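Biologist: Could you walk me through this model and tell me, for each label you use, what earns it?

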Amino acid sequence: FDHNESPRNYLTKLMRYQRLLEAENSVSQLHEFVASTLACWEKHIPYGIYNVTNPGFVSTSDVVGLILESGVCHKDFKFFDNEAEFMNNAAIAPRSNCIMSSAKLAAVGIEMTPVKDAIRQALSAWENA
């Protein structure tokens, strides 16, 4: 996600979908993701797998609350009752929801903004297409 309205932006998608699925996920702010991956190369960190995500996780309703709090969108957000209803009525493919730890990245000195703060920052700088 970032602060630019775009069909590929997670925040835009939530604002445009008619109904949402409640799920918990780790997400990455685009510019921080790029800066962090470049920092990995510049610092010559040990090879391995690093989760380049903003620390913490958010649920769909957390993000909806932040969108409404920001005033960027005043929509009455609707949610599916459960994942089965979502799969029967809207999904093309099964969903993958996961919470990842960015502790390994932080341990090598590359820190990212906590996820809810990063989303607030993106929404406060929101730019419509």
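Modeller: Leaving aside neighbours within four places in sequence, Lys116 is in contact with Phe57, Val58, Asp62 and Leu66, where contact means that heavy atoms lie within 4.5 Å. This is a predicted model, in which local features need pLDDT of at least 70 and side-chain atom pairs count only at pLDDT 80 or more, while totals for chains, interfaces and linings use all residues. Residues are numbered from 1 along each chain as its sequence is written, and side-chain values use heavy atoms, with hydrogens and water left out.

Biologist: What makes Lys116 partly exposed, and in which helix is its place?

Modeller: Three labels share one scale: buried means under 20% relative accessible area, exposed means over 50%, and partly exposed is in between, with a 1.4 Å probe and protein chains only. Lys116 has 35% relative accessibility, so it counts as partly exposed. Its place is in helix H6, residues 115–124, where a helix is a DSSP run of H or I with at least four residues, a strand is a run of E with at least two, and both are numbered from the N terminus.

Biologist: Which label does Leu30 get on that scale, and what does it touch?

Modeller: Leu30 has a relative accessible area of 42%, so it is partly exposed. It is found in helix H2, residues 30–42, and, apart from neighbours within four places in sequence, it is in contact with Phe1 and Asp2. By contrast with those contacts, Gln18 is twelve residues from Leu30 in sequence, and their C-alpha atoms are 25 Å apart in space.

Biologist: Helix H2 also holds Cys40; why is Cys40 called buried?

Modeller: The relative accessibility of Cys40 is 14%, so it counts as buried. Not counting residues up to four places away in sequence, Cys40 touches Ile45, Leu105 and Ile110. Cys73 gets its label in the same manner: its relative accessibility is 12%, so Cys73 counts as buried.

Biologist: How do you know that Cys40 has no bond to another cysteine sulfur?

Modeller: A disulfide is a pair of cysteine sulfur atoms within 2.5 Å. The closest cysteine sulfur to that of Cys40 is in Cys98 and lies 18 Å away, therefore too far for a bond. For the structure as a whole, the number of disulfides is zero.

Biologist: Is His44 buried or exposed, and what is notable about its phi?

Modeller: His44 has a relative accessible area of 67%, so it is exposed. It is found in the loop between H2 and strand E3, residues 58–59. Its phi is near 50°, which is a positive value in a residue other than glycine.

Biologist: How does one find empty space in a model at all?

Modeller: Rolling a probe the size of a water molecule over the atoms shows where empty space is left. In this structure, the largest pocket holds about 830 Å³ of space. Of the 29 residues that line it, the closest to its centre are Tyr10, Lys13, Leu14, Tyr17 and Arg95.

Biologist: What makes a set of points a pocket?

Modeller: On a 1 Å grid over the protein atoms alone, a pocket is an open set of points where a 1.4 Å probe fits, with protein on both sides within 12 Å along at least five of seven lines, and lining residues have an atom within 4 Å of a point. Points are joined across faces, edges and corners, and the volume is the space filled by probe spheres set on them.

Biologist: Which element supplies the largest share of that lining?

Modeller: Helix H1 does, with three residues.

Biologist: And how is the whole chain built, in helices and strands?

Modeller: The chain has six helices and four strands, which run α-β-β-α-β-α-β-α-α-α from the N terminus on. Of its 129 residues, 36% are buried. Among contacts between residues at least 6 apart in sequence, 83% join residues at least 24 apart.
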